[in-house]
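Colleague: I have a model on my screen and a list of labels to go with it. Before I use the labels, I want the reasoning behind them.

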Amino acid sequence: MSPEFLPQLFPEPLMQRLAAALDFDPEFIARDFSDPAAKAALNEAEVVISSWGVPMLTDEALAGAPKLKAVLHAAGTVKWMIGKAGWERGLVVSSSSGANALPVAEYTLASILLAGKGIFQLREDFRKERTFTLGYIHPEVGNFGRTIGIVSASKIGRRVLELLRPFDFTVLLHDPYVDEAEAAALGAELVGIDELVARADVVSVHAPDLPETEHLINAERLALMRNGTVVVNTSRGRLVDTDALTDELLNGRLSAVIDVTHPEPLPAHSPLYDLPNVFLTPHVAGSHGNELSRMGLFMVEEAERYVAGEPLLHRVDPETLGRQA
């Protein structure tokens, strides 16, 4: 991993637990498997602990790691990191993507609730007028009975569905890999994507960034949304047609909470920075600050399960990896 992440992912209490489970040098961090020291370490390693900045485990690297059995990745996706030879070899691979899903889902829930209270226009009105009529009831706001559309029952999407349960929402779900019974068990009604965007007061995007999901929310689907619909994107910017969304936001028909964009970051001249109906944040929904230690914790717990001979809780399934983020 990149060295700066080590103390953030594994603060001292977690490092002590990791040292109790595995025999490793806490001062040694490999960034290039062709480096002599890294090659020597990999030659003896049974477990690799990795995170952002890890080099790819190429066929050549794996050939120099005859004892390697497990990779515990204290970050999200492992798609680019594990080559075909690693999966064919039967490496046990675990990821902290589930830990990273938690703050994204929390950000999403907060966005949905605040959007339902009409914060965009009310904030602007209050900022402009610097006063308000005490006791005036705003008829257009409120979260009771809102319809929330969740695009994809990914790890994040499923956590959002779980967090939505205590609220008085009607929840719609679109996911081509989920059937009606599973959707119902998740607390949602399974619908097609076009029906979802047409019915929902808030459309929240949680699908993986794949060739087939590029511009999943395109100009045609944005046009299906009712006036006042709020688009929340915490997935990847490519899933939403930026130009088409910008047009709808410029004319004021829709609002948006946007944590990810395409391109990223947006060019400085983008109107999305200044529109009153846009809440734009710099890719912060995922793990930051003290949330990184939760990602480390997930892998410390996996290391403890591994040495105890127990099944890993966050093991990556290579059979479904192609449709994951």
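What follows is a run of questions about those labels, each answered from the values.

Colleague: What kind of model is this?

Modeller: The model is predicted. The protein has 13 helices and 10 strands. Its C-alpha trace spans about 70 × 45 × 35 Å along the principal axes. Of its 325 residues, 49% count as buried.

Colleague: Which contacts are counted in that 62% figure I saw?

Modeller: Contacts with a separation of 6 or more are the base. Residues 24 or more positions apart account for 62% of them.

Colleague: How much surface does the protein expose, and what share comes from carbon and sulfur atoms?

Modeller: About 16,400 Å² is exposed, and carbon and sulfur atoms supply 55% of it.

Colleague: Now the sheet. What is the strand order?

Modeller: The order is 6-5-4-7-8-9-10. This is an open sheet of 7 strands, with parallel pairing.

Colleague: Why are strand 6 and strand 10 called edge strands?

Modeller: Strand 6 (189–190) and strand 10 (278–280) each pair on one side only.

Colleague: How do you know that strand 8 and strand 9 pair?

Modeller: Pairing takes at least two bridges. Strand 8 (residues 230–233) and strand 9 (residues 255–258) are joined by 4 bridges, so they pass the cut-off. They run parallel. Asn-233 stands opposite Ile-258 in strand 9.

Colleague: Which strands does helix 7 touch?

Modeller: Helix 7 packs on the sheet and touches strand 8, strand 9 and strand 10. Its direction makes about 95° with that of strand 10. Elsewhere, helix 8 (residues 155–164) lies across strand 4 and strand 5 (170–174). Helix 8 runs at about 160° to strand 4.

Colleague: What makes Ser-255 buried?

Modeller: The cut-off for buried is under 20% relative accessible area. Ser-255 has 13%, so it is buried. It sits in strand 9. Beyond its sequence neighbours up to four places away, Ser-255 touches Phe-120, Thr-229, Val-230, Val-231, Leu-249 and Asn-277.

Colleague: And why is Thr-147 called buried?

Modeller: Thr-147 has a relative accessibility of 13%, and under 20% means buried, so the label holds. Thr-147 is in strand 4. Among the residues it touches are Thr-170, Leu-172 and Asp-201.

Colleague: On to charges. How many salt bridges are there?

Modeller: The count comes to 14 salt bridges.

Colleague: How do you know that Arg-226 and Asp-201 form a salt bridge?

Modeller: The cut-off is 4 Å between a side-chain nitrogen of Lys or Arg and a carboxyl oxygen of Asp or Glu. The closest N and O atoms of Arg-226 and Asp-201 are 3.1 Å apart, so the pair qualifies. This pair links distant parts of the chain, 25 residues apart. Arg-226 is in the loop between helix 11 (219–224) and strand 8. Asp-201 is in the loop between helix 10 (193–199) and strand 7 (202–205).

Colleague: Are those two side chains buried or exposed, and what decides it?

Modeller: Asp-201 is at 17%, under the 20% limit, so it counts as buried. Arg-226 is at 37%, between the 20% and 50% limits, so it counts as partly exposed.

Colleague: What makes Arg-305 and Glu-302 a salt bridge?

Modeller: Their closest N and O atoms are 2.6 Å apart, within 4 Å, so they form one. Both lie in helix 13 (residues 292–307), 3 residues apart, about one turn of the helix. Arg-305 has 18% relative accessibility and counts as buried. Glu-302 has 0% and is buried.

Colleague: Which residues are joined into one network?

Modeller: Arg-123, Glu-124 and Arg-127 are joined by salt bridges that share partners. Within it, Glu-124 and Arg-123 meet at 3.0 Å, N to O. Arg-123 is partly exposed, with a relative accessible area of 29%.

Colleague: Last one. Which residues form the nonpolar surface patch?

Modeller: Phe-126, Phe-132 and Leu-134 form it, with about 390 Å² of accessible area together. Leu-134 lies in the loop between helix 7 (119–129) and strand 4 (147–151).

Colleague: Why is Leu-134 called exposed?

Modeller: Exposed means over 50% relative accessible area. Leu-134 has 77%, so it is exposed.

Key: Residues numbered from 1 in each chain as written. Predicted model: local features only at pLDDT ≥ 70, side-chain atom pairs only at ≥ 80, totals over all residues. Heavy atoms only, no water. Patch = residues over 30% accessible without salt bridge, like charges linked within 9 Å, V, L, I, M, F, W, Y side chains within 5 Å. Areas by Shrake-Rupley, 256 points an atom, 1.4 Å probe, with all protein chains shown as cover. Helix = DSSP H or I, 4+ residues; strand = E, 2+ residues; numbered from the N terminus. Buried < 20%, exposed > 50% of the residue type's maximum accessible area, 1.4 Å probe, protein only. Contact = heavy atoms within 4.5 Å. Axes fitted to C-alpha atoms, helices over the stretch in contact; angles between N-to-C directions.
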